[in-house]
Structure formats: structure tokens, C-alpha cells
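Open the model in your viewer and keep the sequence panel beside it. Each stop below gives a selection and then what to look for.

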Amino acid sequence: MCGELRAEHAGQQVILMGWVNRRRDLGNVIFIDVRDRSGLTQLVFDKSDNAALHEKASNLRNEYVIAAIGKVRKRDDKTINRNIPTGEIEVVVTELKLLNESKQPPFLPGDPVLANEEMRLKYRYLDLRREPMQYNIELRHKVALAIRENLAAKGFFEIETPFMTRSTPEGARDYLVPSRVYPGEFYALPQSPQLFKQILMISGFDKYFQIVRCFRDEDLRADRQPEFTQIDLEMTFPQMDRVFEVVEGFLQACFKVAGFEIKPPFQRMSYDDSIRNYGIDKPDLRLPKLTDVRTAFTAEQLQTVQLNPELPVVAIRIPKIDELSRKERDDNRPLFGERKEARLVDDIKRLEKSFPEAVVKLREMAGAEAEDLLVLVGGPLQTEKIGLRADYGVFMAAGAFRVELARKYADRHMAFRQGGFHFTWVTDFPMFEYDETEKRWNPAHHPFTSPHERDMDKLESDPGAVRALAYDIVLNGTELGSGSIRIHRPDIQKQIFRALGMTDEEAKARFGFFLEALEYGTPPHGGIALGLDRIVMILAGAESLREVIPFPKTAKAVDLMVDAPTPVSEAQLKDLGIKVR
């Protein structure tokens, strides 16, 4: 391989094959850097040794594919290139074969300035030749292999589940596949293997995993793609602790192959604690917690600054930023946005003039030092609901603003500069979320999640108070995966469907095969799914999933390289019994 040769290989005859990375013509001597995914080696063509070979080398251009035979020799001390692993040697070529020519590429893999992303995605095969992309894809392979080896050693079987299944839309839209054999009927590509992996538990395969492609027809973000890869696993008879132990084990293995040491067990916190301490269910532990400083003020003082004294007053502290100028505060206000549930107080100096003792107390409560940035978020004076959910509204508004401020000032924030991996498990999620538009309850995770046994009596009388045996694994504010202990009893599964407003007939039509399977001795079981793309993105230090997926879609779900999606012929549509309006 082009990146393998070292000084100890001097004197050996070798064959190298790869792409021309660079050509330097010094007249009587031509240097060619030949490259493959392992690195590059300098080839030497000396006119005085072989004029015909020298002439042949003069016709080589960037990205030509060549094979070269030659002898390895050490470079002089003055010509050693210490920037590359093969920099101590070069290969004096005795035979050259041109395997293929190349058009002039729109950009070169070795260009120091990166082409725009649209160009990179259109010519992805050239972009993938770049060293950073080759590193990312190799890292992805190593991470997946480490996970497979770790889980296999624990007795897990890797079992494939179908890509073509029935449509059971929950949340995101399904990608539908028309059936030619049954006109007017459709398969669906899986959003996850959820039901199949639960059926595997019913089938007696007590430890299943799969690194599997999943599909969701939803709006895209930097950390979302219409097709993505997840690490899917399920176990029978597990407690949460056992699921956590398994996940922490394979995460430790895959981080190790990337050169990082992480130490389980990871921190744990309830959903309620996560909201009250961080204002979000994906807490970034690199930042200080939120602090409710309502008791630093009297009710009259809070009303004076138009904050509701019956709701939390949340202090956000960003260390080492200092108080901001009026212009900087004005620039930051759009990050908070227009909100009905919360109000921002960001002029602490002005507040200090009116209520100096209260500000001293709030600084003490928040643990703020002189150079820390402090802002307050509270509830508006007119609030429709006072209670748990109104409290959550204030905390979540503060949490969202905290994240935006931290991102904006990341270069000035010591914790962000120092980096590190801070994991946490978030547990005890709400079982249901209320949809104000549809006026109904929806599952917070999915309808196969088991409720807390102590909350079973509230399923129909007070769904909002029911907690789920659900958990997320979070790293530095990014959700890596989500899982739960599942419902294994058919009577409880039917009760959950009813709590979601689903009739028995509707539940049978959509999930009849699964409800029937539950009636044949289903053991308790649970599992989780983690995003492989997200894990590799973090390990590679990339800003987007597109940097770690070989052939990604754009933010508009378009594959620029193959120009997909695209219309199909009338003959194909007719064969499928489909007419496009």
C-alpha cells in the first residue's frame, strides 16, 4: 500500500498502485506522489536513468490511475518530508503502467481549500478520496466492528429483520413501496425494527442486535437523514441497569477504537431533574446547571420586572463571558425568540441598581463569579396554567436559550474548549404528550413502552402524570439513543392503545399480528436503539452527519450524485397500477 513503506524497506523492490496525487517536474527529474487510502509515496523518474520512462511520467496528470515497479531508497536528510509517514523514503521507478486516465476534476482530493458542499455531494466519488473522508469512513467501519465484537461476546445474535413490511405510521411518515403483484397495496420501509425485535424476544432469541438501515420521510436537520443507521438491540428479562451496562460496554469499545477512553457507569438523572436542572431532556453537562432564584426576590420586586412570582425565576450562568453590552444583548434576544410561556431579563446591571440586595443573593445562589454572564428567565405575569407544566415551560425556555448562548460563545467557554465526553442516562420520561392541535394524547416514545407499575391506575384518569420505563442516552447535549422496557402483557398493551384514543378495532387492524403474538407466552423484555451516524460524527469531530455517511442526501432529501428522486416512466407506473396526479 502507498502509505506503508518506511526506512526499513530500503533496497526492496515494490509494486505500488493508486492515483496520481501530485506531479512535480524539475526537468531531468520528475516526482510523482502516488496515493491510495493508506497514504502516499513519492515516485522518482530520472531522465538519465531511463529517458523513455521519464517521458512517460511527464504525461501523467492528477487522478490518473497508475501502477509502478521500483526500488525503495532512503532520502537524503535534507529532502526528508517529516509531514508524512513515508517521508523518509522514495521509490525509484523502473517500470510504469498507465491503468486509466482522468478528466480534469472539478476539485482535487488534495486541495487545501474545500469545495462547497453541493459540489462535494455531486462528485461524491472524488470527495470520498479526500483524506478526512477516508478517515471518517474507516472510523465508521472500526466502530461498527467493535460494537459487533462486543455484543457477540456477550451472547447477542445479529439477526436481520425485513425492509419491506406493513405501514404502521407513528410520528414520521413512512416511505411506501407499491406492490406490483397486489395493485393498490403497499409495503413500507421500516422506521425502526421495533415490532420485529419484540417478536424475536417472543421467539426465544433472548439477545438480539442489528446494525440496521431505517427510513423516515421527515424534514431534515444537520443530525437527520431520510435513511440512517442505528444500533438496535433487545433483551429478555432485563432490568434497566442491565440494558445500561450492555450499552456502556459497547460504547466504551467503540470509543476506544477512536482513541478515547470513557469510564462507565454513566451518570443518571430523571426526566424531571433534567428539565429543572438543564431545561431540556438532552442535558449538556459541560455547562452549569440552571438555578431557580425566585426566593432572592420579593413578590413585589418580581412584579416590578414583570415576572410571575408564582413561577420559577431561572438563572442561566455562562462562565467567563462577563456582562454584555447593550448591542450584544440586543443581538442575543432573537436567540430567545418570541415566547408566551416565558420572559427574558438580561440586563442584570440595571436590575442591580433597583434591587442590589436581591442581585447579591441571586449571584450567590447561582454560584456566579464576577466575569460570568448571568441572565434570568421567568414566567409572564399573565399565565393561563400555574403548576407543573407551567414550571416546565419556564425551565425549557431557559434551557433552550442556555444552549444557544453556549453555542454562540463556545470559543470563549473553557468547558467547550477543553472538550471531553460527558454521558448521562435520562430516565422516567412522561408516558404521554398532549397534542394541542389534535386534542389527544400521543406516546412520548412509542406505544409499546411500559408504564411505571405504580402509575398504572392513572392511565385513563390522568395520562399526563404517567411515567414510562423509558430512557435516553445523552452525550454533550446530543441524544445518542432511546429505549425502554416494553409492554409484554396483551391486556396492558390494549389498555395503552385505548388511552391513546384507539378503538379495539383500529388497534387490531394496525397491530393485530403483534397483539396476537403477545398472547403466546411473551417474556418481559426491553432494549434500545442508538444512532451509529451520530456516534461516528461525534468521534470524528464532524459538524454534520453528511461527513460520516458515504452517500448522504442534502437537506432537501436529494441525492445530487445520482440525481434522485426522479420521475419514472409511464410504463413503470402502469405496471404498478399507479397514476400520478
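**Stop 1: a helix pair**

This is a predicted model. Select residues 131-153, which form helix 4, and residues 532-540, which form helix 16. These two helices pack with their axes 10 Å apart, at an angle of about 125°. An angle over 145° would count as roughly antiparallel, and 65 to 115° as roughly perpendicular. Helix 4 and helix 16 are therefore oblique to each other. The crossing of helix 4 past helix 16 is right-handed.

Now show side chains at the contact. On helix 4, pick N136, L139, R140, V143 and I147. On helix 16, pick L532, D533, V536, L539 and A540. What is the make-up of this contact between helix 4 and helix 16, in nonpolar, polar and charged residues? Seven residues are nonpolar, one is polar and two are charged.

**Stop 2: the whole chain**

Zoom out. The protein chain holds 17 helices and 21 strands. Its C-alpha atoms fill a box of roughly 95 × 70 × 50 Å along the principal axes. Of the 581 residues in the chain, 48% are buried. Take the contacts in the chain with a separation of 6 or more: 69% of them come from residues 24 or more positions apart.

**Stop 3: the barrel**

Go to the closed barrel. Five strands build it, in the order 1-2-3-5-4, and the pairing is mixed. On average, neighbouring strands here are turned by 55° against each other, direction ignored.

Select residues 29-36 for strand 2 and residues 39-46 for strand 3. Eight bridges pair these two strands in the antiparallel sense. To check the register, label V34 and find its bridge partner in strand 3, T41.

Next, add helix 1, residues 51-58. Helix 1 lies across strand 1 (13-25), strand 2, strand 3 and strand 5 (89-100). Against strand 5, helix 1 runs at about 65°.

**Stop 4: the open sheet**

Move on to an open sheet of four strands, ordered 12-13-15-14 with antiparallel pairing. Which strands stand at the edges? Strand 12 (291-292) and strand 14 (343-345) do. Each has a single partner strand, so one side of each is left without a neighbour in the sheet.

Select strand 13, residues 313-318. Two bridges join strand 13 to strand 12, and the two run antiparallel. Label D292, then look opposite it in strand 13 for V314.

Now add helix 11, residues 356-366, which packs on the sheet. Helix 11 touches strand 12, strand 13 and strand 15 (373-378). The direction of helix 11 makes about 100° with that of strand 15.

**Stop 5: a hairpin and its next strand**

Select residues 470-475 for strand 19 and residues 478-485 for strand 20. Six bridges join them, and they run antiparallel. L475 has T478 as its bridge partner in strand 20. Two residues lie between the strands of this hairpin. Centre on N476, which takes a positive phi near 50°.

Finish with strand 21, residues 525-531. Strand 21 pairs with strand 20 over five bridges, again in the antiparallel sense. Label G483 and look in strand 21 for I528, its bridge partner. Helix 16, from the opening stop, covers residues 532-540.

How values were computed. Residues numbered from 1 in each chain as written. Predicted model: local features only at pLDDT ≥ 70, side-chain atom pairs only at ≥ 80, totals over all residues. Heavy atoms only, no water. Axes fitted to C-alpha atoms, helices over the stretch in contact; angles between N-to-C directions. Parallel < 35°, antiparallel > 145°, perpendicular 65-115°, else oblique. Left-handed = near helix turned anticlockwise from the far one by under 90°. Contact = heavy atoms within 4.5 Å. Nonpolar A, V, L, I, M, F, W, Y, C, P; charged D, E, K, R; others polar. Pairing = 2+ DSSP bridges. Buried < 20%, exposed > 50% of the residue type's maximum accessible area, 1.4 Å probe, protein only.
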